Amino acid sequence: MTGTRLRTPLGRVEGLGSARAGTHHIWHQRLTAVALVPLSVWFVASALAYVGAEQGAVAAFFAEPAEAILMFLFIVAAVYHMSLGLQVIIEDYIHQEGTKLMLLILNRFACWGIGAAAGFALLKLAVGAPA
């Protein structure tokens with residue numbers, strides 16, 4: 001019951017925080033962090049195994065469905081986690097509303113762009129398209 005004492009009466013009834021999105025945001029950030037632990041271990045182990053390997057060997061590795069799926073999950077979780085983390089930093093440290101809005105939009109587009117580029121590169125490797 002200690003957590004409910006810090007909420008407003010309306011917040012207690014609706015079960016939401018003051019901004020109505022904070023809990024949702026924190027849960028997504030924590031879930032992606034938990035997902036990234038085993039995915040990062042897999043990624044580092046895989047990357048170290050292929051240091052100095054030729055592109056054909058790496059393409060053959062990602063041609064395996066399980067490896068391509070794990071890499072896709074790693075990309076999605078990492079990019080979404082990055083987007084959420086940068087959003088918190090922008091919201092906490094940028095106080096001018098116009099600048100804050102511009103940076104939040106730029107953050108979202110940049111993260112989508114990074115994710116799309118990484119996904120495209122993975123797709124090219126997985127299907128064996130020439131580089």
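# Notebook: six helices in a predicted model

I began with helix 5, residues 65–93, and noted that its 29 residues reach 42 Å from the first C-alpha to the last, close to the 42 Å expected at 1.5 Å a residue. I reminded myself that this is a predicted model.

**Overall layout.** I then stepped back to the protein chain, where I counted 6 helices and 0 strands, so that from the N terminus on the elements run α-α-α-α-α-α. Of the 131 residues of the chain, 23% count as buried. The chain exposes about 9200 Å², and carbon and sulfur atoms supply 72% of that area. I also looked up the contacts with a separation of 6 or more, and found that residues 24 or more positions apart account for 65% of them.

**Helix 5 again.** Which residues of helix 5 are buried? I listed E67, A68, M71, F74, I75, A77, V79, S83, L84, G85, Q87 and I90. These buried residues of helix 5 pack against helix 3 (22–49), helix 4 and helix 6. While reading such a list I kept a general point in mind: an α-helix has 3.6 residues a turn, so residues three or four places apart point the same way.

**One residue of helix 3.** I chose Q29, which has its place in helix 3, and asked whether Q29 is buried or exposed. With a relative accessible area of 16%, Q29 is buried, because the cut-off for buried is under 20%. Leaving aside residues up to four places away in sequence, Q29 touches H81, L84, G85 and V88. Of these partners, L84 and G85 also appear among the buried residues of helix 5.

**Helix 6 by itself.** Helix 6 has 31 residues and reaches 45 Å from its first C-alpha to its last, close to the 45 Å expected at 1.5 Å a residue. Its buried residues are K100, N107, C111, G115, L122 and L125, and what covers them includes helix 4 and helix 5. Just after helix 6, I noted that G128 takes a positive phi of about 80 degrees.

**Helix 5 against helix 6.** How do helix 5 and helix 6 lie to each other, roughly parallel or roughly antiparallel? Their axes come within 10 Å and cross at roughly 170 degrees; since angles over 145 degrees count as roughly antiparallel, the two helices are therefore roughly antiparallel to each other. From helix 5 the contact includes A68, M71, I75 and V79, and from helix 6 it includes K100, N107, C111 and L122. By class, the residues of this contact divide into 15 nonpolar, 5 polar and 3 charged.

I also checked G113, which is found in helix 6 and is partly exposed, with a relative accessible area of 38%. G113 and V79 are 34 residues apart in sequence, while their C-alpha atoms are 9.6 Å apart in space.

**Helix 4 against helix 6.** At what angle do helix 4 and helix 6 pack? Helix 4 (residues 55–63) and helix 6 (residues 97–127) pack at about 95 degrees, with their axes 7 Å apart, which makes helix 4 roughly perpendicular to helix 6. In this contact Q55, V58, A59, F62 and A63 of helix 4 meet L122, L125 and A126 of helix 6. By class, I recorded 7 nonpolar, 1 polar and no charged residues. I noted last that L122 and A126 of helix 6 are also listed in the contact with helix 5.

Notes: Residues are numbered from 1 along each chain as its sequence is written. This is a predicted model: local features need pLDDT of at least 70, side-chain atom pairs count only at pLDDT 80 or more; totals for chains, interfaces and linings use all residues. Side-chain values use heavy atoms; hydrogens and water are left out. Axes are lines fitted to C-alpha atoms, for helices over the stretch in contact, and angles run from 0 to 180 degrees between N-to-C directions. Helices (H or I, at least four residues) and strands (E, at least two) are DSSP runs, numbered from the N terminus. Angles under 35 degrees count as roughly parallel, over 145 as roughly antiparallel, 65 to 115 as roughly perpendicular and the rest as oblique. Contact means heavy atoms within 4.5 Å. Ala, Val, Leu, Ile, Met, Phe, Trp, Tyr, Cys and Pro count as nonpolar, Asp, Glu, Lys and Arg as charged, and the others, Gly among them, as polar. The expected span of a helix is 1.5 Å times one less than its number of residues. Buried means under 20% relative accessible area, exposed over 50%, partly exposed in between (1.4 Å probe, protein chains only). Accessible areas come from the Shrake-Rupley method with a 1.4 Å probe; for residues, only the protein chains shown count as cover.
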